[in-house]
Amino acid sequence: MSESESGTELQALVRRATDLADGPRRILGIAGPPGAGKSTLAVYLAEHVGPRAMVVPMDGYHLADVELRRLGRAEYKGAPDTFDAGGFVALLRRLREPSGEIVYAPGFERVIEQPIAGSIPVFPEINLVITEGNYLLHDEGLWRGIRPQLDECWWIDLDGGPRRERLIERHVQFGKNRPAARRWVEGSDEANARTVSGGVARADRVIRGDLPGLL
């Protein structure tokens, strides 16, 4: 895809998100493998739609490290069973039915790599909730409950090489040395990428490659 074509696609994504924000509350999902650019696109869309939209990431439902250690799953952090999938589905159900009250969602702090409870207030006047995560289109276990809660779900499909390099840089930025970052990406992150790869077939829209001016 050329730069001009990618720029045109980005404009189309903003227009569609804006359309979704016009009316009763809707939930837009952005899915894809680790490092594809999901959170960057989600924030960009929310900023361009304006105050009617906000981002509620799936990563707030990571299990805390203390629980992962108890389960013996700390070295597999990011795998499907290291999230509270049921809790995330319950949040999406609450968000679909505005009650006139603030709904508090958990966030995720990358500096400490931990979820932060109650850190994202979703106000009643929000018309578009944009959620993003690896497993929005995963079809096993409790994860199946996510797709019915999403009005639309888009998939970001980015070539493995650039995506892995982006992940390595992210891990280095947040404290891993480069060899450890590369081992983690080639092990845990790529295993998770393979796990979610089938989700592309269930997406409403597939975004291929980087979008200039965004990622």
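**Exercise 1. The nonpolar cores**

Which residues of the largest nonpolar core touch the most other members?

*Solution.* The model is a predicted one, and the steps below should be read with that in mind. Step one is to take the largest nonpolar core, which holds 29 residues, and to look for those that touch the most other members; these are Val 122, Leu 136 and Ile 146. Step two is to ask where the core comes from: β1 (26-31), α4 (85-96), β3, β4 and β6 (152-157) each supply at least two of its residues, and α4 gives the most, with six residues. Step three is to note that there is a second, separate core, made of 21 residues, including Ala 17, Ala 42, Val 49 and Leu 128. As a general point, nonpolar side chains in soluble globular proteins tend to be buried together.

To see one core member in detail, take Leu 136. When its neighbours within four places in sequence are left aside, the contacts of Leu 136 include Gly 29, Ile 30 and Ala 31, and also Phe 88, Ile 146 and Cys 153.

**Exercise 2. The overall build**

Find the order of the helices and strands from the N terminus on, and decide how compact the protein is for its length.

*Solution.* Begin with the inventory, which is six helices and seven strands. Read from the N terminus on, these elements run α-β-α-β-α-α-β-β-β-β-α-α-β. The radius of gyration is 17 Å, close to the 17 Å that the globule rule gives for 215 residues, so the protein is as compact as a globular protein of that length. Taken along the principal axes, the C-alpha atoms fill a box of roughly 45 × 45 × 30 Å.

Next, consider burial and contacts. Buried residues make up 48% of the 215 residues, while the accessible surface comes to about 10,200 Å², of which 49% belongs to carbon and sulfur atoms. Among contacts with a separation of 6 or more, 73% are accounted for by residues 24 or more positions apart.

**Exercise 3. Two helices and the glycines after them**

Work out how the buried residues of α5 are arranged around the helix, and compile the corresponding list of buried residues for α2.

*Solution.* Helix α5 (residues 160-173) has 14 residues and reaches 20 Å from its first C-alpha to its last, close to the 20 Å expected at 1.5 Å a residue. Its buried residues are Arg 163, Leu 167, Ile 168 and His 171. Seen down the axis of α5, these residues fall within an arc of 140°, so they line one face of the helix. The partner against which they pack is α6 (178-196). Just after α5 comes Gly 175, with a positive phi of about 120°.

Helix α2 (residues 38-49) can be treated in a similar manner: it has 12 residues and reaches 16 Å from its first C-alpha to its last, close to the 16 Å expected at 1.5 Å a residue. In α2, the buried residues are Lys 38, Leu 41, Ala 42, Tyr 44, Leu 45, Ala 46 and Val 49. Gly 50 follows α2, and its phi is positive, near 105°.

**Exercise 4. Arg 110 and Asp 59**

Is Asp 59 buried or exposed, and what does Arg 110 touch?

*Solution.* First place the two residues: Asp 59 is in the loop between β2 (53-55) and α3 (65-71), whereas Arg 110 is in the loop between β3 (103-109) and β4 (114-122). Asp 59 has a relative accessible area of 15%, and because buried means under 20%, Asp 59 counts as buried. Arg 110, at 26%, is partly exposed.

Then turn to contacts. Not counting residues up to four places away in sequence, Arg 110 touches Asp 59, Arg 170 and Phe 174. Seen from the other side, Asp 59 is in contact with Phe 83, Phe 108 and Arg 110, its neighbours within four places again left aside.

The loop that holds Arg 110 also holds Glu 113. Glu 113 is partly exposed, with a relative accessible area of 27%, and its phi is near 55°, a positive value in a residue other than glycine.

**Exercise 5. Trp 154**

Where is Trp 154, and how far is its C-alpha from that of Val 206?

*Solution.* Trp 154 is in strand β6 and is buried, with a relative accessible area of 0%. Its C-alpha and that of Val 206 are separated by 5.9 Å, although the two residues are 52 residues apart along the chain. Leaving aside neighbours within four places in sequence, the contacts of Trp 154 include Leu 13, Ala 17, Leu 28, Leu 45, Arg 205 and Ile 207.

Key. Residues are numbered from 1 along each chain as its sequence is written. This is a predicted model: local features need pLDDT of at least 70, side-chain atom pairs count only at pLDDT 80 or more; totals for chains, interfaces and linings use all residues. Side-chain values use heavy atoms; hydrogens and water are left out. Helices (H or I, at least four residues) and strands (E, at least two) are DSSP runs, numbered from the N terminus. Buried means under 20% relative accessible area, exposed over 50%, partly exposed in between (1.4 Å probe, protein chains only). Contact means heavy atoms within 4.5 Å. The expected span of a helix is 1.5 Å times one less than its number of residues. The arc is that of the directions from the helix axis to the C-beta atoms. A nonpolar core is a set of buried Ala, Val, Leu, Ile, Met, Phe, Trp, Tyr and Cys residues joined through side-chain atoms within 4.5 Å. The radius of gyration is taken over C-alpha atoms; the globule rule is 2.2 Å times the number of residues to the power 0.38. Accessible areas come from the Shrake-Rupley method with a 1.4 Å probe; for residues, only the protein chains shown count as cover.
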